[in-house]
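This report describes the confidence of the model, its ligand surroundings, its main core and a few loop residues. Please read it alongside the sequence and the structure shown below.

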Amino acid sequence: MDSRRGFFTSLVALATGAGKEEKPFHPHLPGFIVENSDNCLSCTTSACKNVCEEGIIVREESTVPYLDFSRRGCTFCGECITACESDCFVAEPITSLKAEIKIGILSCLAWNKTICRSCADVCNDKAIQFIGLWNPEIDSNACTACGFCIGVCPAFTITLHPLKEST
Ligand code: SF4
Ligand code: SF4
Ligand code: SF4
């Protein structure tokens, strides 16, 4: 991504309040079919939650399960999909989430001239590119929204947002 465009986009996001939503965004499990939520709500086994080796699946009473990226991310291993016996997931393999990752540049250590590369180091998809030493930017084409960068950021400034559907 062009550096100036990324910087401008981040500033616009800050100015419009993006990244400061009142409700936190909890992504569905990869491949979850929202229309089949009733099947999921009647599930008594929580097989998806129990099988996830990353421990990122949260299931609360009266809600369908969601992902919590505060410590780990999704490897898209597909184990939760295989474990579900309630027809809650699409059949094809899922390799990304319908979500968008943003870096809050006002809080980011690197953008504020303190060396930090934690997010880029953990990203297997090389979706965080540094422009020089100080300016990490998300390559939205490469980012799978796996969430691994979120929990490692010492400034807690990486956030996940619903992907805006193109019209
Ligand atoms: S795909 Fe794998 S890592 Fe991701 S939520 Fe499902 S079981 Fe967990
Ligand atoms: S930048 Fe995207 S692909 Fe890389 S760790 Fe973060 S969420 Fe995953
Ligand atoms: S881990 Fe956080 S503070 Fe460090 S460079 Fe990435 S976004 Fe900035």
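Residues 1-6 have pLDDT under 50 throughout, and the model gives this stretch six contacts beyond four places in sequence. Here pLDDT is the predictor's confidence in each residue, from 0 to 100, and two residues are in contact if their C-beta atoms, placed from the backbone, lie within 7 Å. A further stretch, residues 15-19, also has pLDDT below 50, with eight contacts in the model beyond near neighbours in sequence. Where pLDDT is low, the predicted coordinates should not be read in detail. For the protein chain, the mean pLDDT is 89, and 85% of its residues reach 70 or more.

This is a predicted model, in which local features need pLDDT of at least 70 and side-chain atom pairs count only at pLDDT 80 or more, while totals for chains, interfaces and linings use all residues. Residues are numbered from 1 along each chain as its sequence is written, and chains are lettered from A and ligands numbered from 1 in the order in which they are written.

**Ligand surroundings**

The table lists the shell of each ligand. A residue is near a molecule if its C-beta atom, placed from the backbone, lies within 6 Å of it. Ala, Val, Leu, Ile, Met, Phe, Trp, Tyr, Cys and Pro count as nonpolar, Asp, Glu, Lys and Arg as charged, and the others, Gly among them, as polar.

| Ligand | Residues around it | Closest residues | Classes |
|---|---|---|---|
| ligand 1 | 14 residues | Cys52, Cys74, Cys77, Glu79, Cys80 | ten nonpolar, two polar, two charged |
| ligand 2 | 15 residues | Cys123, Ala127, Cys143, Cys146, Cys149 | eleven nonpolar, three polar, one charged |
| ligand 3 | 13 residues | Cys108, Ala110, Cys116, Cys119, Cys153 | eleven nonpolar, two polar, no charged |

**The nonpolar core**

The largest nonpolar core has 35 residues, and Cys149 and Ile158 have the most contacts inside it. Such a core is a set of buried Ala, Val, Leu, Ile, Met, Phe, Trp, Tyr and Cys residues joined through C-beta atoms within 7 Å. Two or more residues of this core come from each of helix H4 (79-83), strand E3 (99-103), helix H6 (148-152) and strand E6 (158-162). Helices (H or I, at least four residues) and strands (E, at least two) are DSSP runs, numbered from the N terminus. H6 gives the most, with three residues. The core lies between domain 1 (3-23 + 97-162) and domain 2 (34-83), because both give residues to it; the domain bounds come from an automatic or database domain assignment. Leaving aside neighbours within four places in sequence, Cys149 is in contact with Ile101, Cys119, Val122, Cys123, Ile128 and Ile158.

**Loop residues**

A residue is buried if 20 or more other C-beta atoms, placed from the backbone, lie within 10 Å of its own, exposed if 12 or fewer, and partly exposed in between. Ala145, in the loop between strand E5 (135-138) and H6, is buried because 25 other C-beta atoms lie within 10 Å. Ala145 has a positive phi of about 60° although it is not a glycine.

Ser46 also has a positive phi, near 50°, and is not a glycine. Ser46 lies in the loop between H2 and H3 and counts as partly exposed, with 13 C-beta neighbours inside 10 Å. Thr45 is in the loop between helix H2 (37-41) and helix H3 (47-51); Thr45 is exposed, because 11 other C-beta atoms lie within 10 Å. The C-alpha atoms of Thr45 and Cys84 are separated by 8.9 Å, with their positions 39 residues apart along the chain counted as the distance apart.
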